Amino acid sequence: MSRRGLAAVASVLDQAASSATNILVLVLAARLSSASGFADFSMVYVTFSVLLGLNMAYVGQSLVLEKGAALGAECRSAVGFTAAASAAVGALLLVVGLALPGATGTAFLALGLVLPLVLLQDGLRYCFSALRAPQRALAADVLRLVCVVAALALQPDGASAGRLVLAWGLSALPALGVGLWLLRPYVRGARADLRPYLRRGHLGQRFVVEFAVGNGSSQLAVLGLGVFATPLAVGALRGATTLFGPLNVLFNSANAFGPPVLGRLGGKRATVRATAALGLLLAAVGAGWATALYLLPDRLGRELLGDTWAGASGLLPATGAQYAVMGLGTCALLTLRVLAPKATLSLQVVFSLLSVGLLLGGYAVWGVAGAAWGLAAGSALKALAAWWRVTRLPAAAGSREPEPVPTPAAG
């Protein structure tokens, strides 16, 4: 197999390890907790997911579009900024945790303590993506998977959400250490510069706005259901999406490692051909996975999600439809990200806010099932609009010369 083929396999396996970590964290938490306890854990984990996405958008997505000989310095700067920003946000979460009562407040306190560890460990994969060394990200993320499963498996039945969050976060330490060690040859001698991340016009500012009105707004809307409706609604929606975690392997792999690969294809026609084929494949896989889950016996479902299965199983048709169209939408937005990075902001603003409106409107009319179908409808409309925008790009969009592959510094 060629070097490029090995890198592609490592990229997919790395995202498989990362997504498996997220899936197993939620599955183990659901099995160890009561329905109300898992609802508390879900509130915290959704908050973490929003923060993770913001870091991915502001730091990761801009980093993987970087090219040239200064990638070592760019990666060192990205690591430094992630460490500083996550420590600041972690301190704010400590204040939030002190203000909230009961088990929920304790869980947010725990998230504030471990946030710098988990964000920094996850952010290293974007450094390795930019450096075209996904096998190093794979090594660190496999270790992360092993450690988090072991840490949560040692927790007793009925463990509080705060205890589970602490165990999940502290288990990132070994993988973080290994990841930094594997990154060191690429950044040796490079100087970090955090100023570009604070300047007006940094590309990550556009991407973070897209995330805030896209994935972030949907996550916050789900959190809002826990305030205006019931935390059990959050647990049911989170449980249903957990079952579709394997599809996130492919979605995340496309977003994290797709830009460097697609950027070498040489223009609109080749890029669209590749992403359209991938989108159709992801949609078919999503539909097949949804069918398999819908036919899953209740006994196996309860083994996976415990008490949460009862609420989550009724949402599977809607969530399955959402993930099928998300495959098409992900590839359309990826096409725009590579060919015209500034073209995605307006799409995200309009159709992500529309999705939130459909989610909340669906809940008001048909309850939690209506909320799930609202998310599916919003994802479908966003995918249609994104592909229409791709067809409007000029034929010369994205044409450029290939870039050299970075190598570790000697010494």
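I would like to start with E303, which sits in helix α14, the helix made up of residues 298-305, and I should say at once that what we are looking at is a predicted model. The relative accessibility of E303 is 45%, and because partly exposed covers the range between under 20% and over 50%, E303 counts as partly exposed. Along the chain E303 and A30 are 273 residues apart, yet in the model their C-alpha atoms are separated by 9.8 Å.

Let me move on to helix α4, which runs over residues 102-130. With 29 residues at 1.5 Å a residue, α4 should span 42 Å, and since its end C-alpha atoms lie 43 Å apart, the expected span and the one in the model agree. That agreement should be read together with the bend in α4, which is about 55° at V114, with a proline, P116, following within four residues. As for its surroundings, α4 is mostly covered, in that 22 of its 29 residues are buried. After α4 comes R132, a residue whose phi is positive, near 60°.

Finally, the surface. Which residues form the nonpolar patch there? They are L113, L166, L170 and L173, and together these leucines have about 360 Å² of accessible area. One of them, L173, belongs to helix α7, which comprises residues 173-187. With a relative accessible area of 43%, L173 is partly exposed, because that value falls between the limits of 20% for buried and 50% for exposed. Another member of the patch is L113, and its number places L113 within the residues 102-130 of α4.

Key
Residues are numbered from 1 along each chain as its sequence is written. This is a predicted model: local features need pLDDT of at least 70, side-chain atom pairs count only at pLDDT 80 or more; totals for chains, interfaces and linings use all residues. Side-chain values use heavy atoms; hydrogens and water are left out. Helices (H or I, at least four residues) and strands (E, at least two) are DSSP runs, numbered from the N terminus. The expected span of a helix is 1.5 Å times one less than its number of residues. The bend at a residue is the angle between axes fitted to the seven residues ending there and the seven starting there. Buried means under 20% relative accessible area, exposed over 50%, partly exposed in between (1.4 Å probe, protein chains only). Patches are made of residues with over 30% relative accessible area and no salt bridge: like charges are joined within 9 Å, nonpolar side chains (Val, Leu, Ile, Met, Phe, Trp, Tyr) within 5 Å. Accessible areas come from the Shrake-Rupley method with a 1.4 Å probe; for residues, only the protein chains shown count as cover. A salt bridge is a side-chain nitrogen of Lys or Arg within 4 Å of a carboxyl oxygen of Asp or Glu.
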